[in-house]
Amino acid sequence: MNNTATRVAAACRALIEAPWFSVASFTVIVINAAVLGLETYDDAHRAAAGVLRVVEYGCVVCFAAELLVRFGAQLPTPRVFFRDGWNLFDLFILLSPLLPGVRENVTVLRMLRLARIVRTFRLFPSLRVILVGIRRSLPGLGSFLLVTVLLLYAYAMLGWMMFGDANPDRYGTVGQAMLSLFLLLSLDGITDTLQAGRQITEWAVLYYVSYMVAACFLLTNLLVGVVLNALQDAHQEERRSTPPQEPAGASVTAQLASLRAAIDALEQHLTTPADPRQVATRE
C-alpha cells in the first residue's frame, strides 16, 4: 500500500512539475474569466447560454482534476496538503457553491467564480512574489496612510481658513477641503485650481506649490519606496525558499568523473604485478 501511494505521489509530482501543467491551468483560468465576462453581454448570453454553461462546467471539472493531482502528490502525507493555504483556497472556491444558501445566491456565485482568477498567483512564482510583497508592505502602508491623513488634514484646515468663505463648495468644511485636496493628488486640474486660488489671495501660490511638493511628490516617492522594499524582501524570501537547481551538465560531468576514476582504479589494479608468495600459495 505504501509503495503504491509513493508511486502515485511520484507520478502526480512529476505531472505538476511538467512545464505544460501551469500553462494548461492558466489557460483554464483565462477561459473561465472569458465566460464570466461574456455573461455580462445580454445578446451573447441569450445566444449561447447553453454553450457557456457547458464550458463553465468543464472549467470546474479541470479545477477539480488539478486539485486531485495536487492531493495525489501528497498522498503519503495528506496533512501537508491541508497545510498549504493555496490548497485550502482552492477547496473553498470549489466546494462553496455546493453549500446551502450559496448556490441560490447569484451574486455570491459570481463572486466565487471571479475569485478563481486569483488562482493565477499560485501558478507563477513572479506573481506570488508580488502578492507576498503587497502583504509585506501593509504595515508600512498603514504608517504611510497615517502621514497622508495628517498632511491632508493640516492643509485642509489651512484651505478652510484661506478659501472657505470665497469657495464654500470645495473648502466650506474641513471634510470638503480634505476631499478636494485628495482629488488633487493626481494633479488633475491643478492649473485651474491655482488660478482660482490666486483670485482670492496671493498666498494661494505658496499654499498649492507646497502642497504639491509635500503631498504629490514626497508622499508618492515614499509610497514607491515602501512597496519596492517589500517586493525586494519578498523576492529574497522566494529565492531562499526555492532549492537551487543543479545545472543540466553538472550531473553528467560528475558521472563521467566517477566513471573515469573507476576505470583508472581498474587499470591500476590490472597493471599491478602479482605477489610471488600469493602465486605460490595458489599453486
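Trainee: How much space lies in the largest pocket?
Mentor: About 680 Å³. Bear in mind that we're looking at a predicted model. Of the 17 residues lining that pocket, Ile16, Arg70, Asp84, Arg122 and Arg128 are the closest to its centre.

Trainee: What makes a space a pocket and not a cavity?
Mentor: Whether the probe can get out. A pocket is an open set of points, whereas a 1.4 Å probe fits in a cavity but cannot get out.

Trainee: Which helices supply at least two residues each to the lining of the largest pocket?
Mentor: Helix 1 (2–17), helix 2, helix 4, helix 5 (78–83), helix 6 and helix 8 (120–123). Helix 1 has the largest share, with 3 residues. By class, you'll find 8 nonpolar, 3 polar and 6 charged residues in this lining.

Trainee: What about the second largest pocket, how much space lies there?
Mentor: About 480 Å³. There are 17 residues in its lining, and Arg53, Glu56, Tyr57, Leu109 and Arg113 lie nearest the centre. Helix 4, helix 6 and helix 7 (106–115) each give two or more residues to the lining of the second largest pocket, and helix 4 has the largest share with 6.

Trainee: How does the lining of the second largest pocket split by class?
Mentor: Into 10 nonpolar, 1 polar and 6 charged residues. Take Tyr57, one of the residues nearest the centre: Tyr counts as nonpolar by this scheme, so don't look for Tyr57 among the polar ones.

Trainee: How many cavities of 30 Å³ or more does the count come to?
Mentor: Just 1, with about 70 Å³ of space in it. Phe63, Leu67, Asp90, Ile93, Leu94, Arg116 and Arg119 line this cavity.

Trainee: Which elements each supply at least two residues of that lining?
Mentor: Helix 4 (49–73) and helix 6 (85–95). Helix 6 gives the most, 3 residues.

Trainee: How do you know how many residues of the cavity lining are charged?
Mentor: Sort the names by class. Asp and Arg count as charged, while Phe, Leu and Ile count as nonpolar. That gives 3 charged residues, 4 nonpolar ones and no polar ones.

Trainee: Asp90 is in that lining. Why is Asp90 called buried?
Mentor: Buried means under 20% relative accessible area. Asp90 has 5%, so the name fits. The residue lies in helix 6. Leaving aside neighbours within four places in sequence, Asp90 is in contact with Leu67, Arg119 and Arg122.

Trainee: And what makes Ser25 buried?
Mentor: Set the value against the cut-off again: 6% for Ser25, against a limit of under 20%. Ser25 sits in helix 2 (residues 19–38).

Trainee: Which residues is Ser25 in contact with, leaving aside its neighbours within four places in sequence?
Mentor: Glu66 and Leu123. Ser25 and Glu66 are 41 residues apart along the chain, yet their C-alpha atoms are separated by 7.8 Å.

Trainee: Why does Phe121 count as partly exposed?
Mentor: Phe121 comes in at 25% relative accessibility. Buried is under 20% and exposed is over 50%, so a value in between is partly exposed. Phe121 lies in helix 8, in contact with Trp86, Leu127, Arg128 and Leu131 once neighbours within four places in sequence are left aside. Its C-alpha atom and that of Phe26, 95 residues apart along the chain, are separated by 9.8 Å.

Trainee: How do you know where the buried residues of helix 12 lie around the axis?
Mentor: First, the buried residues of helix 12 (residues 190–198) are Ile190, Thr193 and Gly197. They cover an arc of only 65 degrees around the axis, so they're on the same side of helix 12. The face turned away from that buried side carries the exposed residues Thr191 and Asp192.

Trainee: Which residues does UniProt list as "transmembrane region"?
Mentor: The unreviewed entry lists 20–38, 50–73, 140–163 and 207–231. Careful with the label, since such annotations may be inferred rather than shown by experiment.

Trainee: What is the chain like over residues 207–231?
Mentor: That span is 100% helix and 0% strand, with its end C-alpha atoms 35 Å apart. Residues 20–38 are also 100% helix and 0% strand, and their end C-alpha atoms lie 27 Å apart.

Terms used. Residues numbered from 1 in each chain as written. Predicted model: local features only at pLDDT ≥ 70, side-chain atom pairs only at ≥ 80, totals over all residues. Heavy atoms only, no water. Helix = DSSP H or I, 4+ residues; strand = E, 2+ residues; numbered from the N terminus. 1 Å grid on protein atoms, 1.4 Å probe; cavity = no way out; pocket = protein on both sides within 12 Å on 5 of 7 lines; lining within 4 Å. Points joined across faces, edges and corners; volume = space filled by probe spheres on them. Buried < 20%, exposed > 50% of the residue type's maximum accessible area, 1.4 Å probe, protein only. Contact = heavy atoms within 4.5 Å. Arc of directions from axis to C-beta.
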